[in-house]
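Welcome to a short tour of one protein model. Have the sequence and the coordinates open beside you, and let us walk through the packing together.

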Amino acid sequence: MEHEPPKLLDRVCQAIRVRHYSRRTEEAYVGWIRRFIGFHGMRHPRELGASDVTRFLSSLATRGVSASTQNQALSSVLFLYEVVLGERLGWMNDIVRARRPARVPVVLSRDEVSSLLSRLRGPVWLMASLMYGAGLRLLECVELRVKDVDFGRGELTIRDGKGGKDRVTMVPVALKEPLREHLARVKGQHRATLPLVAEPSRCRARCQPSIRTRRVNGRGSGCFRPRGSMWTGRRASGGVIICTSPSCNVPSRMRCGRAAGIAKLATCPTLRHSFATHLLEAGYDIRTIQELLGHRDVSTTMIYTHVLNQGGRGVRSPLDQLGPSGRTR
């Protein structure tokens, strides 16, 4: 009996997994390829050309998507043609990527961070404190394992971060005791949710997961990952835990940014931006901060140097040099 050839999207998933791309990349690429095919009436990509790709990207632009979203869609389509279909067509070089605008990151002051954290409780407070105190991304905070916390050296090991890289950052001294207490509760939950295996011992060792691989910020009972067999504990929510937008739909108990009186549009990455900015203000060198943040290129870290130019690059406004009479309205 002959086996049917794999479907196109199955081939996409297989190509992504062979290259060890992240699960989020797989989900994004498959989603965009599905939309690209659906946009053209379910026609096979081999029947499409440069004008069809451009028309798809233009439809995204007219809907007001960001430049990074549009470029992600283009990367997904190019991956489909170059890697999955094995076609290197001349028109691929003629497609222009959207230009990403330069943005200054939103940064909270120390008082604003303190006010924000004071309105959080429990695991949400711990996650927010780790994002600000150790420079973690939200997903890195969610995926942190028990084995990655080293109290002796005061280190957190971030595994398989953005770009598939590992790095080491600090355990804030202020979080050592709360983190110890939290891990004690996690270990108690782990023992309570272990599967009951009567015998033999070899089977028990294989079936009962280790506490080392459990998520620090997991919740509920354990589960298996979709693309692996590592027992990890269910992931904590990856949604925004701080919000200052008046139109936000986040439950009121989580709108701590507005409750703290913060006018800035602050989200989880804002805590990481504040971590880097406050380290620069404290005099730490840019290379050290680059390593702590896990940036591949120091130019990415340089966006935080805007804080060194106090108020318009340190230039004194000519209005401030006028006498009181000149400023009287």
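At what angle do H6 and H11 pack, and how far apart are their axes? In this predicted model, the angle between H6 and H11 is about 30 degrees, and their axes lie 7 Å apart. On the H6 side, the contact is made by Ala-128, Met-131, Tyr-132, Gly-133 and Ala-134. H11 brings Cys-268, Leu-271, Arg-272, Ser-274, Phe-275 and His-278 to the contact. Sorted by character, the residues of this contact of H6 with H11 are 7 nonpolar, 3 polar and 1 charged.

**The nonpolar cores**

Both helices also turn up in the core. The largest nonpolar core has 32 residues, and those that touch the most other members are Leu-130, Leu-136, Val-149 and Leu-156. Two or more residues each come from helix H5 (110-117), helix H6 (122-134), helix H7 (138-143), strand E2 (155-158), helix H8 (176-192) and helix H11 (268-281). H6 is the element that gives the most to this core, with 7 residues.

Val-149 is a good place to zoom in. Leaving aside residues up to four places away in sequence, Val-149 touches Leu-144, Glu-155, Leu-156, Leu-179, Leu-183 and Val-216. There is also a second, separate core, made of 25 residues, and Leu-8, Ile-37, Val-77 and Leu-85 are among them.

**Aromatic rings**

How many aromatic pairs does a search of the whole structure find? The search finds 5 aromatic pairs, and Phe-79 takes part in the two tabulated here.

| Pair | Distance of centres | Angle of planes | Geometry |
|---|---|---|---|
| Tyr-21 and Phe-79 | 6.0 Å | 50 degrees | tilted |
| Tyr-29 and Phe-79 | 5.4 Å | 65 degrees | edge-to-face |

The pair of Tyr-21 and Phe-79 links distant parts of the chain, 58 residues apart: Tyr-21 sits in the loop between helix H1 (8-18) and helix H2 (23-39), and Phe-79 in helix H4 (residues 67-84). Tyr-29 lies in H2 and Phe-79 in H4, so their pair ties together parts that are 50 residues apart in sequence.

Are these rings buried or exposed? Phe-79 is buried, because its relative accessibility of 7% is under the 20% limit. Tyr-29 has a relative accessible area of 15%, so Tyr-29 is buried. Tyr-21, at 33% relative accessibility, counts as partly exposed.

Elsewhere, Trp-32, Phe-36, Phe-39 and Phe-56 come together as one aromatic cluster. Arg-35 lies over the face of Trp-32, a member of that cluster, at 4.4 Å from the ring centre. A second arrangement of this kind involves Arg-180, whose charged end sits over the ring of Phe-151, 4.2 Å from the ring's centre.

**Backbone details in two loops**

Most residues other than glycine have a negative phi. Which residues have a positive phi here although they are not glycines? One of them is His-20, with a phi of about 60 degrees, and another is Met-42, with phi near 65 degrees.

His-20 belongs to the loop between H1 and H2. With a relative accessible area of 71%, His-20 is exposed. Met-42 is found in the loop between H2 and helix H3 (50-62), and Met-42 counts as exposed at 63% relative accessibility.

Notes:
Residues are numbered from 1 along each chain as its sequence is written. This is a predicted model: local features need pLDDT of at least 70, side-chain atom pairs count only at pLDDT 80 or more; totals for chains, interfaces and linings use all residues. Side-chain values use heavy atoms; hydrogens and water are left out. A nonpolar core is a set of buried Ala, Val, Leu, Ile, Met, Phe, Trp, Tyr and Cys residues joined through side-chain atoms within 4.5 Å. Buried means under 20% relative accessible area, exposed over 50%, partly exposed in between (1.4 Å probe, protein chains only). Helices (H or I, at least four residues) and strands (E, at least two) are DSSP runs, numbered from the N terminus. Contact means heavy atoms within 4.5 Å. Rings of Phe, Tyr and Trp (its six-membered ring) pair if their centres lie within 6.5 Å; planes under 30 degrees apart count as stacked, over 60 as edge-to-face and the rest as tilted. A charge sits over a ring if NZ of Lys or CZ of Arg is within 6 Å of the ring centre and within 35 degrees of the ring normal. Axes are lines fitted to C-alpha atoms, for helices over the stretch in contact, and angles run from 0 to 180 degrees between N-to-C directions. Ala, Val, Leu, Ile, Met, Phe, Trp, Tyr, Cys and Pro count as nonpolar, Asp, Glu, Lys and Arg as charged, and the others, Gly among them, as polar.
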